[in-house]
Amino acid sequence: MKLAVASPFTVVRTDSPHWGLAAKACREQILGIPANIGFLYVTEGFGENLSSILTFLRGTTSIRHWVGAVVPGFCGAESSENGVSLMVGMLPEGAFRCFEGADPAASCADLGALSSCFGLLYGNAQTASMAELVASAGKTFGDLAGGLVSSGPQVRSEILSGVAMASAIPVLTGITQGCTPIGRSRVVTAAQDGIVMGLDDRPAVEVLKEDAGDLIARSLKRAAGYIHIGLPTMAGASDTSYMVRELIGIDPRRGWLAVAGRPAVGEPLQFVCRDPNTARAGLARMLEDLSQRCRGRAIRAAFYTASIGHMFGAAGEETAMIDAVLGKIPLIGCLSRGEIFKGRVFGQAAGLSLLLEPGS
């Protein structure tokens, strides 16, 4: 079912060879719109100009609160090196706090019980301790979403930045990794520095061939981009009971697998498969779940983050699916180098957060 939208935010986007022209074009489209917060994404071609764009927008609009970052690209659009995307609107005064730095709680303490707040978080993908920082933020806020963005400046910080929203602002979140488990969960029995040598006391490649089937067994090259590694994080069979990592190399002679992660001896490992069809099916399940959880409440804005791995095929495929299930809602989306959801950093996922009408 499609859901009604009340008091929505406004989204604008411009591509231009010069940051000043892009910023001015966006500003012209938001003049006169009631707003006290803005979300600003710029692509990497304008990375060095982010502070200038922000200064221009603060000086030529009445919006003083800004959140955002330099991002690898915009969701639902062809790649552009020189783009600006904005979403602006009203949040209840006193019910949100913008934050920056390694300790979001320090900036948001006066919001009340942070365990009932939602945090929208952007982190520098090059920060070595980012997984630990996100885990700490996950323990601070009742719900958490966002993504790892391009290295370099963000609107408020080069480590972490974002906004916390009190429980008076209802938010729903969902995530999909768009994968289907194949075979059964295995146990890592030999591994070092991201190389998995043994699974269940057998050569890792032998187990991969068994689980993936004859098609992969006959030609391991077919595994590239199709077979991934799921590192289970909790019991259960939900889409978030494991984190997907890329299978980056296969050594048939030694029987070893190279994984974009560091599985340790004794830990579980699950082979998973993904293609555009399974990715779209996973997104469809997430959207239907969010639609049911909305229970007819109006959606004011949406924040979408997706892996740069192009999970869904053609550009715009996922935003078309969002429109089909939730209606034409104000949505700002960016590509990311890691998707944040409830205190964990996923590697190849898509997350959606829905900002609902207060009091609905």
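Which cysteine sulfur is closest to the sulfur of cysteine 98? Select cysteine 98 to find out. This is a predicted model. The closest cysteine sulfur belongs to cysteine 108. The gap is 8.7 Å, too far for a bond. While you are there, check how enclosed the residue is. Cysteine 98 is buried, at 12% relative accessibility.

Next, select cysteine 75. Its nearest cysteine sulfur sits in cysteine 334, 5.9 Å away. A disulfide needs two cysteine sulfur atoms within 2.5 Å, so cysteine 75 is in no disulfide. Cysteine 75 is buried too, with a relative accessible area of 9%. The model's disulfide count is 0.

Now move to strand β4. Select residues 83–89. Buried or exposed: which word fits the residues of β4? They are buried, 7 of the 7, so the strand is largely enclosed by the rest of the structure.

Show the side of β4 that each residue points to. In a regular strand, side chains alternate between the two faces of the sheet. Gly83, Ser85, Met87 and Gly89 point one way. Val84, Leu86 and Val88 point the other way.

Keep β4 on screen and add strand β1, residues 10–15. The two run antiparallel, joined by 6 bridges. Pick out threonine 14: opposite it in β4 stands valine 84.

Last stop: strand β2, residues 37–43. β2 also runs antiparallel to β4, with 6 bridges between them. Select glycine 38 and look across. Its bridge partner in β4 is valine 88.

Methods: Residues numbered from 1 in each chain as written. Predicted model: local features only at pLDDT ≥ 70, side-chain atom pairs only at ≥ 80, totals over all residues. Heavy atoms only, no water. Buried < 20%, exposed > 50% of the residue type's maximum accessible area, 1.4 Å probe, protein only. Helix = DSSP H or I, 4+ residues; strand = E, 2+ residues; numbered from the N terminus. Pairing = 2+ DSSP bridges.
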